[in-house]
Amino acid sequence: ADGSWYGSWACCFTYGTWFGVEGLVLAGEPSNSESLRRACAFLLSKQNENGGWGEDFSSCYDKAYAKSGMERWGNGGSGVVNTAWALLALMAAKTQVNS
């Protein structure tokens, strides 16, 4: 309902949403589709103030996005891996973001 996908192999909603977006794009989903729009809106809603994304493993067992999970380990709550997954999804969907 919120545009995210659950991914159990890594931390968790960022990773799953990246793969969901990649799958939709490779299957020919138009870039303006509701599914891609919602997935990108979900990711953008989780972006930290420093521009990155952070989510830890507790998302997997809580089945809820752990927005503050990386605060202990990441810079400003963001981690390089979660940020890469989110950016890969946004790029695959050709999301236009205002800077």
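Where is Lys94 found relative to α4? Lys94 is found in the segment after α4. The legends below describe close-up views of a predicted model.

**Figure 1. Lys94, in the segment after α4, has a positive phi.** The phi angle of Lys94 is about 55°, although Lys94 is not a glycine. Most residues other than glycine have a negative phi. With a relative accessibility of 64%, Lys94 counts as exposed.

**Figure 2. Lys63, in the loop between α3 and α4, has a positive phi.** Helix α3 covers residues 58-62 and helix α4 covers residues 80-92, and Lys63 lies in the loop between them. Phi of Lys63 is near 55°, a positive value in a residue other than glycine. Lys63 counts as exposed, at 55% relative accessibility.

**Figure 3. Cys12 and Cys60 are in no disulfide.** The sulfur of Cys60 is the nearest cysteine sulfur to that of Cys12, at 3.6 Å. Conversely, the cysteine sulfur nearest to that of Cys60 belongs to Cys12. Because a disulfide requires the two sulfur atoms to be within 2.5 Å, the separation of 3.6 Å leaves Cys12 without one. A search of the whole structure likewise finds zero disulfides. Cys12 is buried, at 0% relative accessibility, and Cys60 is buried as well, with a relative accessible area of 6%.

**Figure 4. Cys60 of helix α3 and its surroundings.** Cys60 lies in helix α3. Leaving aside residues up to four places away in sequence, Cys60 touches Tyr6, Gly7, Ala10, Cys11 and Cys12. A further pair in the view is Cys60 and Val25, which are 35 residues apart in sequence. The C-alpha atoms of Cys60 and Val25 are 25 Å apart in space.

**Figure 5. Arg37 and Glu34 form a salt bridge within helix α2.** Side chains of opposite charge can pair when their charged atoms come close. The side chains of Arg37 and Glu34 meet with an N to O distance of 2.7 Å. Arg37 and Glu34 are three residues apart in helix α2 (residues 34-45), so about one helical turn separates them. Arg37 counts as partly exposed, at 47% relative accessibility. Glu34 is also partly exposed, with a relative accessible area of 43%. The count for the structure comes to one salt bridge.

**Figure 6. Val21, Leu43 and Trp53 in the largest nonpolar core.** This core has 20 residues, of which Val21, Leu43 and Trp53 touch the most other members. Helices α1 (12-26), α2 and α4 each supply at least two residues of the core. Not counting residues up to four places away in sequence, the contacts of Val21 are Trp5, Leu36, Ala39, Ala89, Ala92 and Ala93.

**Figure 7. Helices α2 and α4 pass each other in a left-handed crossing.** The contact is made by Cys40, Leu43 and Leu44 of α2 together with Ala86, Ala89 and Leu90 of α4. The axes of α2 and α4 come within 10 Å and cross at roughly 150°. Leu43, named here on the α2 side of the contact, is also one of the residues that touch the most other members of the largest nonpolar core. Ala89, on the α4 side, is among the residues touched by Val21.

**Figure 8. Lys46 in the loop between α2 and α3.** Lys46 touches Trp53, Tyr65 and Lys67, not counting residues up to four places away in sequence. One of these contacts, Trp53, is named among the residues with the most contacts to other members of the largest nonpolar core. Lys46 and Thr14 are 32 residues apart in sequence, and their C-alpha atoms are 9.0 Å apart in space.

**Figure 9. Ser31 in the loop between α1 and α2.** Ser31 counts as exposed, at 52% relative accessibility. Apart from residues up to four places away in sequence, Ser31 touches Leu36 and Ala93. Leu36 and Ala93 also appear among the contacts of Val21. Ser31 and Thr95 are 64 residues apart in sequence, and the distance between them in space is 8.2 Å, C-alpha to C-alpha.

Technical notes. Residues are numbered from 1 along each chain as its sequence is written. This is a predicted model: local features need pLDDT of at least 70, side-chain atom pairs count only at pLDDT 80 or more; totals for chains, interfaces and linings use all residues. Side-chain values use heavy atoms; hydrogens and water are left out. Buried means under 20% relative accessible area, exposed over 50%, partly exposed in between (1.4 Å probe, protein chains only). Helices (H or I, at least four residues) and strands (E, at least two) are DSSP runs, numbered from the N terminus. A salt bridge is a side-chain nitrogen of Lys or Arg within 4 Å of a carboxyl oxygen of Asp or Glu. Contact means heavy atoms within 4.5 Å. A nonpolar core is a set of buried Ala, Val, Leu, Ile, Met, Phe, Trp, Tyr and Cys residues joined through side-chain atoms within 4.5 Å. Axes are lines fitted to C-alpha atoms, for helices over the stretch in contact, and angles run from 0 to 180 degrees between N-to-C directions. A crossing is left-handed if the near helix is turned anticlockwise from the far one by less than a right angle, and right-handed if clockwise.
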